[in-house]
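Please open your viewer and keep the selection panel handy. We will go from stop to stop, and at each one I will tell you what to select and what is there.

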Amino acid sequence: MFFAVISILPEMFSAIKDFGVVGRAVKNEQVVIHVINPRDFTTDNYRRIDERPFGGGPGMVMMAEPLEKAIMHAQDLAKQAGCDIQNGQCPVVYLSPQGETLSEPLVANMPSLDGMILLCGRYEGIDERLIARYVDKEISIGDYVLTGGELPAMVLMDSVIRRLPKVMGDDLSAEQDSFVDGLLDCPHYTKPLEFHGEAVPPVLLSGHHANIAKWRFLEQVKRTKARRPELWEDFQPSKQQAKWLKDLED
Ligand SMILES: Nc1nonc1C(=O)N[C@H]1C[C@@H]1c1ccc(S(N)(=O)=O)cc1
């Protein structure tokens, strides 16, 4: 999968490119992450990418032209990478508090894309004319304002890349994550058998896979009801899960 990130702080992206599961996916060429600095597309000696806002007010606004050239360069890279691009353009996503909140359903569809261009804002944001002309979707990672869109871009890439086939050591693990089946995940345990006098739930040591699966599901239900009742309201159990729930009620 192809990613191009447009940011005036390109060094930040070593945090995702050089470490962990995503770093390994980049090294294995399962993912390509280009980082493009709009300053490289400026024409003045100060490499200006921001200006005072028209109409006054605090802070600075990112200028349209360097970002436009950076996006066009990213589109060229996407084409060179062989991205199968609808209507000739790789989707451009702007990370902003005004976007649709990132969620599992939104992430779930992204791995099917060949690539994405991620636009990271700083300061008060970006000239609205650039957004109107080039941004396909605004995405927010939550209702708070950060100093930059770089961390949200890394959050988005991480959530998408971990769902790509063969990226996680065990593809099944991604299927058992919280939210994937509409519930929070169950508790997990590993060695030692006892920790400060706390034992591991015996069912997990039984080797009885059906009982373990039932116990894990009922723990998900308990945790979801307690912590995210609104998720529980929308939960649609499978036939097997409905049977387990009935056993709980009986
Ligand atoms: N939350 C977030 N989820 O993704 N990005 C988030 C974020 O805080 N980005 C901030 C630096 C940049 C920014 C972008 C847009 C606006 S604006 N004028 O649209 O309000 C304000 C601040």
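A residue is called buried here when its relative accessible area is under 20%. By that cut-off Trp215 is buried, because its relative accessible area is 19%. Do keep in mind as you click around that this is a predicted model.

**Stop one: aromatic pairs**

With Trp215 still selected, add Tyr189. A search of the whole structure finds four aromatic pairs, and these two residues make one of them: the ring centres are 6.5 Å apart and the planes stand at 55°, so the pair is tilted. Now colour by secondary structure. Tyr189 sits in the loop between α7 (171–175) and β8 (194–195), while Trp215 belongs to helix α8 (residues 209–227), so the pair ties together parts that are 26 residues apart in sequence. Is Tyr189 buried or exposed? Neither label fits, because its relative accessibility is 42%, and Tyr189 counts as partly exposed.

Next, select Trp232 and Phe235. Their rings form a stacked pair, with 5.6 Å from centre to centre and 20° between the planes. Trp232 is partly exposed at 22% relative accessibility, whereas Phe235 is buried at 9%. Add Phe217 and Trp244 to the selection, and you have one aromatic cluster made up of Phe217, Trp232, Phe235 and Trp244.

**Stop two: the ligand**

Centre the view on the ligand. Which residues come nearest to it? Of the 18 residues around the ligand, they are Gln98, Glu124, Ile141, Tyr144 and Leu146. Turn on the backbone atoms for a look at the polar atoms here. Glu124 has a backbone N or O atom 2.9 Å from a nitrogen atom of the ligand. At Gly142, a polar backbone atom is 3.2 Å from a ligand nitrogen atom. For Leu146, a backbone N or O atom lies 2.8 Å from an oxygen atom of the ligand. If you switch on a surface, note that the protein covers 88% of the 490 Å² of accessible area that the ligand has on its own.

**Stop three: the nonpolar cores**

Select Phe3, Ile33, Leu118, Leu156, Met157 and Ile161. These are the residues with the most contacts inside the largest nonpolar core, which has 27 residues. The elements giving two or more residues to this core are β1 (2–6), α2 (20–27), β5 (92–101), α4 (104–108), β6 (115–120) and α6 (150–161). Helix α6 gives the most, with six residues.

Zoom in on Leu118. Beyond its neighbours within four places in sequence, Leu118 is in contact with residues including Phe3, Val5, Leu95, Ala153, Leu156 and Met157. Another core, of 25 residues, lies apart from the one you have been viewing; among its members are Ile6, Ile71, Cys83 and Ile126.

**Stop four: two polar residues**

Return to helix α6 and pick Ser159. Ser159 counts as buried, at 18% relative accessibility. Setting aside neighbours within four places in sequence, Ser159 is in contact with Leu102 and Val107.

Finally, go to Gln75 in helix α3 (residues 64–80). Gln75 is buried, with a relative accessible area of 5%. What does the side chain of Gln75 join in a polar contact of 3.2 Å? Its partner is the side chain of Gln89. Show the surroundings as sticks too: leaving out neighbours within four places in sequence, Gln75 is in contact with Ile85, Gln89, Cys90, Val92 and Ile117.

Note on methods: Residues are numbered from 1 along each chain as its sequence is written. This is a predicted model: local features need pLDDT of at least 70, side-chain atom pairs count only at pLDDT 80 or more; totals for chains, interfaces and linings use all residues. Side-chain values use heavy atoms; hydrogens and water are left out. Helices (H or I, at least four residues) and strands (E, at least two) are DSSP runs, numbered from the N terminus. Buried means under 20% relative accessible area, exposed over 50%, partly exposed in between (1.4 Å probe, protein chains only). A polar contact is a pair of N or O atoms within 3.5 Å; within protein, one must be able to donate a hydrogen and the other to accept it, and residues adjacent in sequence count only if both atoms are side-chain atoms. Contact means heavy atoms within 4.5 Å. A nonpolar core is a set of buried Ala, Val, Leu, Ile, Met, Phe, Trp, Tyr and Cys residues joined through side-chain atoms within 4.5 Å. A residue is near a molecule or strand if one of its heavy atoms lies within 4 Å of it. Accessible areas come from the Shrake-Rupley method with a 1.4 Å probe; for residues, only the protein chains shown count as cover. Rings of Phe, Tyr and Trp (its six-membered ring) pair if their centres lie within 6.5 Å; planes under 30 degrees apart count as stacked, over 60 as edge-to-face and the rest as tilted.
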